[in-house]
Structures are given as structure tokens and as C-alpha cells.
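Visitor: I would like to learn how to read a protein model. Could we go through one together, feature by feature?

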Amino acid sequence: MFKSIAIQPAATTTYQLLTVTDGLGCTFTPSGPTSDVTFTVGETEASFTVAQLESCSPFTAEFTYNEVAGTVYKWNWADGTTDSIMALVSTPNKVITHTFTNTSPTRKLSPKVSLETSLPAPFPGCTKTKLQTLTVYPTIITNVFPDKTDMCSGETVKFTNQSFGVSTHRWFYR
């Protein structure tokens, strides 16, 4: 009858088989390469920070992360584009930028940016993912029209404001 023992090492660990006792009480002390078993644990981290979580369109966001050699980084910008990077060297506080454009004149855009990190062979399946939602406000479209551009001295000019994406209006005249 075989017995299984489940382990879950968090880091690369070597286990040594010291003695074996059978059902009759006989012991055996193994030696050589079969007495040591090393489990190599792959570790990746999908963490990043964003310098600014919200802005008006076009919004160039800066993402900072620690790039580790041998790790694949896949950024999904939630606008139909991605960037994949295979890190050849470790670079702390690496910065990547992406520009988000909100084409709506009235609604905010909330892209959910994701970073997926993965390790190549011999660690297929070692992946981690982090999501971060940004807010991209509409581009302000200014549409201010005078009712006339030619007039006599002392006449009044009426301005009509048909701007989009504006929450407050302040008028300055020179």
C-alpha cells in the first residue's frame, strides 16, 4: 500500500528522506540521489501602481511596476490594444505609459486595465493578474458662437454656448 503526503512549498525547497519503516517494523536509511527531492517553485507578481486614476481625454496614464528578468508581462489596456514584454533584465520601478481617448462628448469612460504576469517553461501555468479601473472624462468640446461679428458701436452681442463636457462656465471678456 502506497501512502501520499501533500505538500505546498512557497519557495524552492529540498526535502530529504531520512528513514523508511515498512509494515513489519523494518527500517531503511536511503542514501544517494534518491534521498533528496528538490521542488523548484516559480513565483511571479502582478502588482503595479498608477500615478493618476482619473483625468480628461486624452489621458496618458503612467503605470509603475517591478520588472523581473524571465517574466512575461501582458498589459491589456481595455481599448482593444495590448502590450507584451519579456523581461530580459530586472528593472525596479519600470514605467510604461498608455494614452486613453474618450470619444463620447457626455459620458465618462472606465477602462479596466489588467496586467498578467507569467513564467515561461518549466513553469507553465504560473500566472497572476491584477485589474485597475481608470476614469477618462470626455474631451471638452467648446462651441461658443456670437450672434453677429459685425456691428455698430454700442450694440450688444449675444453669445450662445453649445459646449460639451463642461460642468461649469466662467466667461472672461477682454
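Visitor: In which strand does N93 lie?

Guide: This is a predicted model. N93 lies in strand β10, which covers residues 91–100.

Visitor: What is the phi of N93 near?

Guide: The phi of N93 is near 55°, a positive value in a residue other than glycine.

Visitor: Is N93 buried or exposed?

Guide: Exposure is read from relative accessibility, and a residue over 50% is called exposed. N93 has 56% relative accessibility, so N93 counts as exposed.

Visitor: Which loop holds A78, and what is its phi?

Guide: A78 lies in the loop between β8 (72–76) and β9 (82–86). A78 has a positive phi of about 65°, although it is not a glycine. Values between the cut-offs for buried and exposed are called partly exposed. A78 counts as partly exposed because its relative accessibility is 41%.

Visitor: Which peptide bond that ends at P58 should I look at, and what is its omega near?

Guide: For a peptide bond, look at omega. The bond from S57 to P58 is cis, with omega near -5°. P58 lies in the loop between β6 (54–56) and β7 (59–67). The bond from A121 to P122 is also cis, with omega near 15°. P122 lies in the loop between β11 (112–118) and β12 (127–133).

Visitor: How many helices and strands does the chain have?

Guide: The chain has zero helices and 15 strands.

Visitor: What is the radius of gyration of the chain, and what would a compact globule have?

Guide: The general idea is to set the chain beside a compact globule with its number of residues. A compact globule of 174 residues would have a radius of gyration near 16 Å, but this chain has 31 Å. Taken along the principal axes, the box filled by the C-alpha atoms is roughly 115 × 30 × 25 Å.

Visitor: What share of the residues counts as buried?

Guide: Buried means under 20% relative accessible area. Of the 174 residues, 20% count as buried. The chain exposes about 12,800 Å², and carbon and sulfur atoms supply 55% of that area.

Visitor: What share of contacts joins residues at least 24 apart?

Guide: Here one counts contacts between residues at least 6 apart in sequence, and 54% of them join residues at least 24 apart.

Visitor: How many positive and negative side chains are there?

Guide: There are 12 positive and 13 negative side chains, and the centres of the two sets lie 10 Å apart.

Notes
Residues numbered from 1 in each chain as written. Predicted model: local features only at pLDDT ≥ 70, side-chain atom pairs only at ≥ 80, totals over all residues. Heavy atoms only, no water. Helix = DSSP H or I, 4+ residues; strand = E, 2+ residues; numbered from the N terminus. Buried < 20%, exposed > 50% of the residue type's maximum accessible area, 1.4 Å probe, protein only. Rg over C-alpha atoms; globule rule 2.2 N^0.38 Å. Contact = heavy atoms within 4.5 Å. Areas by Shrake-Rupley, 256 points an atom, 1.4 Å probe, with all protein chains shown as cover. Lys, Arg positive; Asp, Glu negative; His and termini not counted. Charge placed at Lys NZ, Arg CZ, Asp CG, Glu CD.
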